[in-house]
Amino acid sequence: VSTQSTGIVGEGKSLLPSDVIVPLSPMDPSPDYPSLTARLSSHALLPKLRQYLTSVRQIQYGDVSGDLQKLIEDDFVEERKKDRANVTGESLHRALVVTRLYAMSRGHREMQASDWQDAKTLERDRMNRVLAGGS
């Protein structure tokens, strides 16, 4: 299964439609972006980052094990009981995509329970930032 994603980065509301909003909270409140970009471009880390991104794109991702499917299903049912309006098939699909991408970013060929738990934490943190107004 091939998925392609496009990121839209901006300081205000985008004119382009998007499926997910991910508010970012910079650790440095006033970074010098031109200087940061120049330093990153000349840094020895850049070739390693490119190699990592190329390697991750080549991972052949396997199926989800039966035990993990059961864990995900149980989690979904419990979350849906708590919040029927916001826990939908679409939110489950998004969580599975995030989990798969997260697992791949860690070099895993199969989704693991820890990937699922970490992805749920990422989504919960994202939603908290969205509800807080993006700050």
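Which residues are buried in α4? They are S91, T99, R100, A103 and M104. The model is predicted, and its protein chain has five helices and zero strands. Of the 135 residues in the chain, 14% count as buried. This briefing follows α3, α4 and α5, then three individual residues.

**Overall fold**
- Along the sequence the protein chain reads α-α-α-α-α.
- Among contacts in the protein chain with a separation of 6 or more, 60% come from residues 24 or more positions apart.

**Helix α3**
- Helix α3 covers residues 66–82, which is 17 residues.
- At 1.5 Å a residue α3 should span 24 Å, and its end C-alpha atoms lie 25 Å apart, so the expected and modelled values agree.
- L68, I72 and D75 are the buried residues of α3.
- Viewed down the axis of α3, these buried residues fall within an arc of 65°, and therefore they line one face of the helix.
- The exposed residues G66, D67 and K81 sit on the face of α3 that is turned away from its buried side.
- The packing partners of the buried residues of α3 are α4 (89–105) and α5 (113–131).

**Packing of α3 with α5**
- Two packed helices are described by the distance between their axes and by the angle between those axes.
- For α3 and α5, the axes come within 10 Å and cross at roughly 25°.
- Angles under 35 degrees count as roughly parallel, so α3 is roughly parallel to α5.
- The crossing of α3 and α5 is right-handed.
- On the α3 side the residues that meet α5 are L68, L71, I72 and D75.
- On the α5 side the residues that meet α3 are A113, W116, Q117 and K120.

**Helix α4**
- Helix α4 has 17 residues and should span 24 Å at 1.5 Å a residue; its end C-alpha atoms are 24 Å apart, so the two values agree.
- The buried residues of α4 pack against α2 (45–57) and α5.
- T99, one of the buried residues of α4, has contacts that are listed below.

**Residue I72**
- I72 belongs to helix α3.
- Its relative accessibility is 7%, and buried means under 20%, so I72 counts as buried.
- Leaving out residues up to four places away in sequence, I72 touches V64, L92, L96, M111 and W116.
- I72 and L96 are 24 residues apart in sequence, with their C-alpha atoms 8.9 Å apart in space.
- W116, which I72 touches, is also one of the α5 residues in the meeting of α3 and α5.

**Residue T99**
- T99 belongs to helix α4.
- With a relative accessible area of 0%, T99 is buried.
- Leaving out residues up to four places away in sequence, T99 touches M111, D115, W116 and A119.
- M111 and W116 are among the residues that T99 touches, and M111 and W116 are also among those that I72 touches.

**Residue E123**
- E123 belongs to helix α5.
- Its relative accessible area is 22%, and partly exposed runs between 20% and 50%, so E123 is partly exposed.
- E123 and S91 are 32 residues apart in sequence, and their C-alpha atoms are 9.8 Å apart in space.
- S91 is one of the buried residues of α4, whereas E123 is partly exposed.

Methods
Residues are numbered from 1 along each chain as its sequence is written. This is a predicted model: local features need pLDDT of at least 70, side-chain atom pairs count only at pLDDT 80 or more; totals for chains, interfaces and linings use all residues. Side-chain values use heavy atoms; hydrogens and water are left out. Helices (H or I, at least four residues) and strands (E, at least two) are DSSP runs, numbered from the N terminus. The expected span of a helix is 1.5 Å times one less than its number of residues. Buried means under 20% relative accessible area, exposed over 50%, partly exposed in between (1.4 Å probe, protein chains only). The arc is that of the directions from the helix axis to the C-beta atoms. Contact means heavy atoms within 4.5 Å. Axes are lines fitted to C-alpha atoms, for helices over the stretch in contact, and angles run from 0 to 180 degrees between N-to-C directions. Angles under 35 degrees count as roughly parallel, over 145 as roughly antiparallel, 65 to 115 as roughly perpendicular and the rest as oblique. A crossing is left-handed if the near helix is turned anticlockwise from the far one by less than a right angle, and right-handed if clockwise.
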